[in-house]
Amino acid sequence: RLVLCTSRATSHHGSPLNVRRPVNIILAEESDLEGCAGCFLASDVAHRYDYTSEVILAQLRSVLAKGELWIVKAEGQVLGYVCIALGGAFSSDAYLRGIAVRESHRSRGIGSELLSFFEMKAFASSSRAFLLVGDYNVRAQEFYRSKGYVEVGRIPDFSKAGIAELIMFKRRVAATPNQSIEPMGIAVTHPAGAGCAPATPMAHH
């Protein structure tokens with residue numbers, strides 16, 4: 001387990017509670033692939049791009065072999081995953097291959113935690129992070145914009161005819177002399193003279 005995050009719990013009525021509990025993001029294993037595929041295949045993206053179980057399993061297996069597939073798991077069930085390609089954009093910058101959350105656990109903050117984890121990994125080795133999101137996927141676009149990503153271009157008919165992919169980009173926050181860059185690329189101000197060395201900072205469809 002590499003990072004401790006938080007998400008909202010739900011009551012027995014299904015409504016969110018303001019209870020913080022640990023969420024562990026771990027490297028996926030072969031036995032997790034079916035669960036990851038289930039998260040993705042229940043998404044609108046899978047339907048828009050005509051994905052089959054065989055195709056997404058093959059792609060996930062390839063990502064797994066590269067050590068780029070990370071998951072949130074609870075009680076033996078995969079609740080979500082993130083695919084991270086460090087150096088996958090322009091052979092130098094981090095690229096978010098994708099995030100998917102189990103349908104029953106969406107809107108609980110898991111996607112935000114997975115994106116933050118991507119940024120933690122991305123900004124440890126690069127000052128820039130990229131992702132693609134379909135032009136039809138307004139909700140995802142709004143989500144990424146709320147996290148500081150901006151559109152820098154479009155690729156028409158990239159994955160499927162009739163769908164343009166928006167190229168979205170985020171730059172790591174630069175530290176001033178009395179700041180350090182903490183995980184998630186957030187600049188934290190330290191008291192003058194504290195002698196803090198800059199910390200190394202540890203996220204479509």
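This briefing describes the cores, helices, aromatic pairs, cysteines and selected loop residues of the structure above. The model is predicted. Its largest nonpolar core has 27 residues, and a second, separate core has 22 residues. A search of the whole structure gives seven aromatic pairs, whereas the disulfide count is zero.

**Nonpolar cores**

- Within the largest nonpolar core, of 27 residues, the members with the most contacts are V82, L96, L114, F118, Y144 and Y149.
- Two or more residues of this core come from each of β2, β3, β4, β5, α4 (110–125), β6, α5 (138–146) and β8.
- Helix α4 supplies the largest share of this core, namely eight residues.
- The second core, of 22 residues, is separate and has V45, A46, V63 and C83 among its members.

**Helix α4**

- Helix α4 has 16 residues, and 24 Å separate its first C-alpha from its last, close to the 22 Å expected at 1.5 Å a residue.
- Its buried residues are I110, G111, E113, L114, L115, F117, F118, E119, M120, A122 and F123.
- Two glutamates, E113 and E119, thus appear in the buried set of α4, while L114 and F118 also belong to the residues with the most contacts inside the largest core.

**Helix α1 and the residue before it**

- Helix α1 covers residues 33–41, and L33, G35, C36, A37, C39 and F40 are buried in it.
- The packing partners of these buried residues are α2 (44–48), α3 (53–65), β3 (69–74), β4 (77–89) and β5 (93–101).
- D32 is located in the loop between β2 and α1.
- D32 counts as buried because its relative accessibility is 3%, under the 20% limit.
- Setting aside residues up to four places away in sequence, D32 touches I71, K73 and V78.

**Cysteines**

- The closest cysteine sulfur to that of C36 belongs to C39, at 6.2 Å; this is too far for a bond, because a disulfide requires sulfur atoms within 2.5 Å.
- C36 is buried, with a relative accessible area of 0%.
- For C83, the closest cysteine sulfur is that of C36, and the 7.5 Å between them is too far for a bond.
- C83 is likewise buried, at a relative accessible area of 6%.

**Aromatic pairs**

- Among the seven aromatic pairs of the structure, F130 and F169 form a tilted one, with 5.1 Å centre to centre and 50° between the planes.
- This pair links distant parts of the chain: F130 is in strand β6 (residues 128–134) and F169 is in strand β8 (residues 164–171), 39 residues apart.
- Both F130 and F169 are buried.
- F143 and Y144 form an edge-to-face pair, with 5.1 Å centre to centre and 65° between the planes.
- The two members of that pair differ in exposure: F143 is partly exposed at 25% relative accessibility, whereas Y144 is buried, with a relative accessible area of 3%.
- Y144 is also one of the residues with the most contacts inside the largest core.
- Ring pairs join F90, F130 and F169 into a cluster.

**Positive phi angles in loops**

- Most residues other than glycine have a negative phi.
- E75 is not a glycine, yet its phi is positive, at about 50°.
- E75 sits in the loop between β3 and β4 and counts as exposed at 86% relative accessibility.
- F90, also not a glycine, has a positive phi of about 60°.
- F90 belongs to the loop between β4 and β5.
- F90 counts as exposed because its relative accessibility is 63%, over the 50% limit.
- The ring cluster of F90, F130 and F169 therefore combines an exposed residue, F90, with two buried ones, F130 and F169.

**Strand β2 and L27**

- L27 lies in strand β2, which spans residues 16–27.
- L27 is partly exposed, with a relative accessible area of 42%.
- Leaving aside neighbours within four places in sequence, the contacts of L27 are G67, L69 and W70.
- The C-alpha atoms of L27 and W70 are separated by 4.5 Å, although these residues are 43 residues apart along the chain.

How values were computed
Residues are numbered from 1 along each chain as its sequence is written. This is a predicted model: local features need pLDDT of at least 70, side-chain atom pairs count only at pLDDT 80 or more; totals for chains, interfaces and linings use all residues. Side-chain values use heavy atoms; hydrogens and water are left out. Helices (H or I, at least four residues) and strands (E, at least two) are DSSP runs, numbered from the N terminus. Buried means under 20% relative accessible area, exposed over 50%, partly exposed in between (1.4 Å probe, protein chains only). Contact means heavy atoms within 4.5 Å. Rings of Phe, Tyr and Trp (its six-membered ring) pair if their centres lie within 6.5 Å; planes under 30 degrees apart count as stacked, over 60 as edge-to-face and the rest as tilted. A nonpolar core is a set of buried Ala, Val, Leu, Ile, Met, Phe, Trp, Tyr and Cys residues joined through side-chain atoms within 4.5 Å. The expected span of a helix is 1.5 Å times one less than its number of residues.
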